[in-house]
Amino acid sequence: MFTLAEVASLSDIQPTYRILKPWWDVFMDYLAVVMLMVAIFAGTMQLTKDQVVCLPVLQSTVNSRVQPDTAGKADFTTVETTTGQEEASMRTVSFAPTVTPDILLSRATPSQYQPTESDQELKKEQKDSSGRKTNLDFQQYVFINQMCYHLALPWYSKYFPYLVLIHTIILIVSSNFWFKYPKTCSKIEHFVSILGKCFESPWTTKALSETACEDSEENKQRLTGAQSLPKYVSTSSDEGSPSASTPMITKSGFKFSADKPMIEIPSVTILDKKDGEQAKALFEKVRKFRAHVEDSDLIYKLYVGQTVIKTVKFIFILCYTANFVNTISFEHICNPKVEHLIGYTQFECTHNMAYMLKKLLISYISLICVYGFICLYTLFWLFRIPLKEYSFEKVREESSFSDIPDVKNDFAFLLHMVDQYDQLYSKRFGVFLSEVSENKLRGISLNHEWTYEKLRQHVSRNAQDKQELHLFMLSGVPDAVFDLTDLDVLKLELIPEAKITAKISQMTNLQELHLYHCPAKVEQTAFSFLRDHLRCLHVKFTDVAEIPAWVYLLKTLRELYLIGNLNSENNKMIGLESLRELRHLKILHVKSNLTKIPPNITDVAPHLTKLVIHNDGTKLVVLNSLKKMTNVAELELQNCELERIPHAIFSLSNLQELDLKSNSIRTIEEIISFQHLKRLTCLKLWHNKIVSIPSSITHIKNLESLYLSNNKLETLPAAVFSLQKLRCLDVSYNSIAVIPVEIGLLQNLQHFHITGNKVDILPKQLFKCVKLRTLSLGQNCITSIPDKVSQLLQLTYLELKGNCLDRLPATLGQCQLLRKSGLVVEDHLFDTLPSEVKEVLNQDTGIPFANGI
């Protein structure tokens, strides 16, 4: 026989799962244990004491029930006579109490029963003996008792304890099936494990403690009255809100949000490196678990299914049990049909366990009713609210973690179940769903790793001889960065959670900031500092929404570089009209894929002096808006697929430099219109498809630099050499075979580049350009260098590599400023020079090397 403890073990679950068992599940488990006790108690009683006791119903008594006036007399006389004849040979068995005729006859109605003489004789006989005599021995009674136990006793009386046991086991299995099913138990076990670690994590306590401190400090500031901010500055402290991280600038209005200054709160707990690593691992586990669990609702469906099964089971048990309550009776009539063995046809039996079983059955029905009502309540709870959705709204209201996302499906259902145990678990668990909390943890780890000494090692000098620090793919901006007070340039690349704190006001030398895919947030004090000190800003982005809103409020900004996607679809969202606030902006550099120049730029930024558009191969169609930029002095339209020089350019009366690099320009006949641009001094038409230079180029009287490299030129017209102010001429990488002798007219020429052509002879007139400092003649077919090269006394750079030279003229030694570092030739040609010339070229005069503009 199994014990109660062995059966009760069926309902045991791991202690850690208790947080997923609401009160109704716990209550139903207790009810199931009580029902188990009822079943085992009833079964034990049946095994030890269950039996029936049967006595034969005398024939006279049976007949008297049917015909009490006539048949009764004959039957009793017959029985008594028979008994008297066999008295010597048969044993007499007496029972107390015995079923006497007067008791049997009393069951008849009073109207039918009339006392007879035979009855009186029986009563007289009863007074003389203790019971009626029968002709049955003990073995026959045992035989009848066994037969009548199976024939007369209802099946429910015999199997009631076992049915209760089976039903209870089914209910127990149904209650805990979602903990045992393979596809759900793994998720539940993982969830409980993560939930327990998050609950006990030191980071949870630290984060919630700091939140409480921040809330109390904010309340104090709210009471004392914080310093008023400009009307366009929002004091929202929702660090995790999408609007704060990626502000959207629209034409309908301009909004700006800046974070409040960070309040330094003493840490309530000290988070060591080990705890920090564990917390970061927990964040990663929570992220992966959420992605794994939120994609299905199997746990929810399984729980609903097992609840429905328990409810149906309850209804079934209640329906059939109610019909069998009255079948459990103390008295039963038995007709075993063994008259040929016993001599009697009918027996009246008593079931000694009937009373106890009936009480136990009533108790069981009461328990199952309570169990069923709880099941109905569970179903009501399951369908009353959407359990596939879970919102951390209360947690967001009570803490600064306003970015805790709502969850769904099985993840949401598990959290709803946990709330029935203790809502504190969900509140502490929400810390690990918050990106703000994760960023705070990353910030602590980041500051431990990137100390002042380590950052100082990464500071370098750039081409402009400025101190520069480049931080790449970090989780945030280390606090020690703001202690580098002598830093000139700060580059932040791929730091999505960058935050510029008030400590940046220490960096008094900082004038240039680079934000590459880094939508940085700034505190109010930091913004005030940047607004007053920042001069140059580079912003690289994927979508225009990534441009931080505070960029458009930097009133002292001089240079702005925007690199990212500004195609026609996003043009509608571009808030570049906000450039109106940048009153000191002089240089705007846009590297994108525009199909037209946004009118916002030309309408609200007339103060620009330099506009650069690099279009990455997208054809720029509409350029009429350029006419409004009357103050622009430098214009670059690179890689815009232009086929002709845009007419809108001819209206820019203050234009000094025009760069149309990397387009598809074939003809420049419109160049005659440049005569209206009196200030134009530099014209760059390089990397195009120009085949000829029109003679009308002579009308650009003030032209000083002309770049026509990487085109398809075959000749240089004499008109080019009429530009007396020309100081730089670059016709490299064309198909020019002859340098015209008119080149000697360019007395102001300082830089001449004709590398990568087909020149074979250098005219002597070239060496009349005595102001030449840079002469690039490489990759041609030149066979000799005239000795008159010695006339170029200011020459500092001479490229001859890639020609057909046999030797170098010894007169190179007379070029006083030329040194070996500025002489680009093959090594064997340099060895042909006399030793004294080599010595002169190897001298270090300390004169800075110049290789052209």
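The exercises below concern a predicted model.

**Exercise 1.** Find which parts of the chain have pLDDT under 50.

Solution. Start with the whole chain: the average pLDDT is 78, and 78% of the residues score at least 70. Next, take residues 221–269, where pLDDT stays under 50 and the model has 88 contacts beyond four places in sequence. Residues 846–853 also stay under 50, with 18 such contacts. Where pLDDT is low, predicted coordinates should not be read in detail.

**Exercise 2.** Classify the ring pair of tryptophan 23 and tryptophan 24, and state the burial of each residue.

Solution. The ring centres lie 5.6 Å apart and the planes make 80°. Angles over 60 degrees count as edge-to-face, so this pair is edge-to-face. Tryptophan 23 has a relative accessible area of 44% and is partly exposed, whereas tryptophan 24, at 0%, is buried. Both belong to an aromatic cluster with Tyr377, Phe380 and Trp381.

**Exercise 3.** Determine the geometry of the pair phenylalanine 191 and phenylalanine 411, and what the pair ties together.

Solution. With centres 6.2 Å apart and planes at 85°, the pair is edge-to-face. Phenylalanine 191 sits in helix 10 (residues 182–200) and phenylalanine 411 in helix 18 (residues 409–421), so the pair ties together parts 220 residues apart in sequence. Both residues are buried.

**Exercise 4.** Compare the span of helix 8 with the expected value, and locate its kink.

Solution. Helix 8 (residues 155–175) has 21 residues. From first C-alpha to last it reaches 29 Å, close to the 30 Å expected at 1.5 Å a residue. The kink, of about 45°, is centred on proline 161.

Methods. Residues are numbered from 1 along each chain as its sequence is written. This is a predicted model: local features need pLDDT of at least 70, side-chain atom pairs count only at pLDDT 80 or more; totals for chains, interfaces and linings use all residues. Side-chain values use heavy atoms; hydrogens and water are left out. Helices (H or I, at least four residues) and strands (E, at least two) are DSSP runs, numbered from the N terminus. The expected span of a helix is 1.5 Å times one less than its number of residues. The bend at a residue is the angle between axes fitted to the seven residues ending there and the seven starting there. pLDDT is the predictor's confidence in each residue, from 0 to 100. Contact means heavy atoms within 4.5 Å. Rings of Phe, Tyr and Trp (its six-membered ring) pair if their centres lie within 6.5 Å; planes under 30 degrees apart count as stacked, over 60 as edge-to-face and the rest as tilted. Buried means under 20% relative accessible area, exposed over 50%, partly exposed in between (1.4 Å probe, protein chains only).
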